Amino acid sequence: MATVLLVEDEPAVRLGVRLALERAGHKVLEAPSATEAWPLLKEAEIVLLDWMLPDEPGLRFLERLRQGAYPDLPVLMLTARAEVRDRVEGLSRGADDYLAKPFATEELLARLEALLRRAGKRKVLKRGPLLLDLERMEANLEGKPLPLTRREFELLAFLAQRPGRVYTREELLEAVWGPDYLGTPRTVDQHVLQLREKLGEDPKAPRFLETVRGLGYRFRPEDRREG
Ligand code: CA
């Protein structure tokens, strides 16, 4: 059971989908326009989004939520525009799945549940503008993918999962490279340097990776970064 936000301007479609979802045990929030949908996003676990809305194209709404606070919210697009070109466009702009109208409610439910299962399994860490997909080992900063090596990703993810905690270079070597790795503290320094460069850090005021003099490194805690 999930909270589903249904963004659809046609009352008949909205009613049919809502009844089907409620029968399946889901809670449904309805919005007939993008404007009305926006404030409901924070309660939604998944969004069913119509392509043609009265106030804004569904794809534009999708782009706004992806670039905003909802990069990982599962979105299933519902649309009468069934051409392959449109489908590809929707998916490439951040939709997780796509269903052409008219559709069978059984198919809608099956796809919705598959998306929810997938979303539940994905572990994505969000630290301000930085997103780390721990399963796919993908990093994203301000909406742009960061080309990190495996070790760089692991080091960043290790620290980002424990913001505020200081780790010595030796501890980081052991945690990230493993106890058998024959590295030196310099290995850690080099990786931090590379990471900072890729993150576009200001060496005097790093947003993410702080040096704690005489001790080691830490991921900057949330409260100080936001301020
Ligand atoms: Ca419509």
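Read along the sequence, the residues that donate to the calcium ion follow the spacing D-x40-D-x1-M, where a donor is an N, O or S atom within 2.8 Å of the metal (3.2 Å for Na, K and Ca) and sites may look incomplete as water is not among the atoms. This is a predicted model, in which local features need pLDDT of at least 70 and side-chain atom pairs count only at pLDDT 80 or more, while totals for chains, interfaces and linings use all residues. Residues are numbered from 1 along each chain as its sequence is written, and side-chain values use heavy atoms, leaving out hydrogens and water.

**Overall picture**

- The protein has nine helices and eleven strands, taken as DSSP runs numbered from the N terminus (helices: H or I, at least four residues; strands: E, at least two).
- Its C-alpha trace spans about 65 × 35 × 30 Å along the principal axes.
- Of the 227 residues, 45% count as buried; here buried means under 20% relative accessible area, exposed over 50%, and partly exposed in between, using a 1.4 Å probe and protein chains only.
- Take the contacts (heavy atoms within 4.5 Å) between residues at least 6 apart in sequence: 54% of them join residues at least 24 apart.

**The calcium site**

- D9 (OD), D50 (OD) and M52 (O) are the protein donors of the calcium ion, and they lie 2.1 to 2.3 Å from it.
- D9 and D50 tie together distant parts of the chain, 41 residues apart: D9 is in the loop between β1 (3-7) and α1 (11-23), and D50 is in strand β3.
- D9 is partly exposed at 28% relative accessible area, whereas D50 is buried at 3%.

**Aromatic pairs and charges over rings**

- There are five aromatic pairs in the structure. Rings of Phe, Tyr and Trp (its six-membered ring) pair if their centres lie within 6.5 Å, and planes under 30 degrees apart count as stacked, over 60 as edge-to-face and the rest as tilted.
- W38 and F61 make one edge-to-face pair, because their ring planes stand at 85°, with the centres 5.6 Å apart.
- That pair also links distant parts of the chain: W38 sits in the loop between α2 (34-37) and β3 (46-50), F61 in helix α3 (residues 58-67), and 23 residues separate them.
- W38 counts as partly exposed at 30% relative accessibility, while F61 is buried at 0%.
- F158 and Y167 are another pair: their ring centres are 4.9 Å apart and their planes at 65°, so this one is edge-to-face. Both F158 and Y167 are buried.
- Ring pairs also join W38, F61 and Y70 into a cluster.
- F158 has R162 over its face, 4.0 Å from the ring centre. A charge sits over a ring if NZ of Lys or CZ of Arg is within 6 Å of the ring centre and within 35 degrees of the ring normal.
- Y181 has the charged end of R151 over its ring, 5.6 Å from the centre.

**Helix packing around α8**

- Helix α6 (residues 150-160) and helix α8 (residues 185-198) have axes that come within 10 Å and cross at roughly 90°. Axes are lines fitted to C-alpha atoms, for helices over the stretch in contact, with angles running from 0 to 180 degrees between N-to-C directions.
- That crossing makes α6 roughly perpendicular to α8; the cut-offs are under 35 degrees for roughly parallel, over 145 for roughly antiparallel, 65 to 115 for roughly perpendicular, and oblique for the rest.
- On the α6 side, R151, E152, L155 and L156 make the contact; on the α8 side it is V188, H191, V192, Q194, L195 and K198.
- Helix α7 (residues 169-177) also meets α8, with the axes coming within 8 Å and crossing at roughly 80°, so α7 and α8 are roughly perpendicular too.
- R169, E170, L172, L173 and W177 of α7 touch P185, T187, V188, D189 and H191 of α8.

**Backbone spots to check**

- Most residues other than glycine have a negative phi, and most peptide bonds are trans.
- The K101 to P102 peptide bond is cis, with omega near -5°, and P102 is in the loop between β5 (97-100) and α5 (105-121).
- M137, a residue other than glycine, has a positive phi near 55°. M137 belongs to the loop between β7 (130-133) and β8 (138-141) and is partly exposed at 30%.
- E142 is not a glycine either, yet its phi is positive at about 50°. E142 is in the loop between β8 and β9 (144-146) and counts as partly exposed at 48%.
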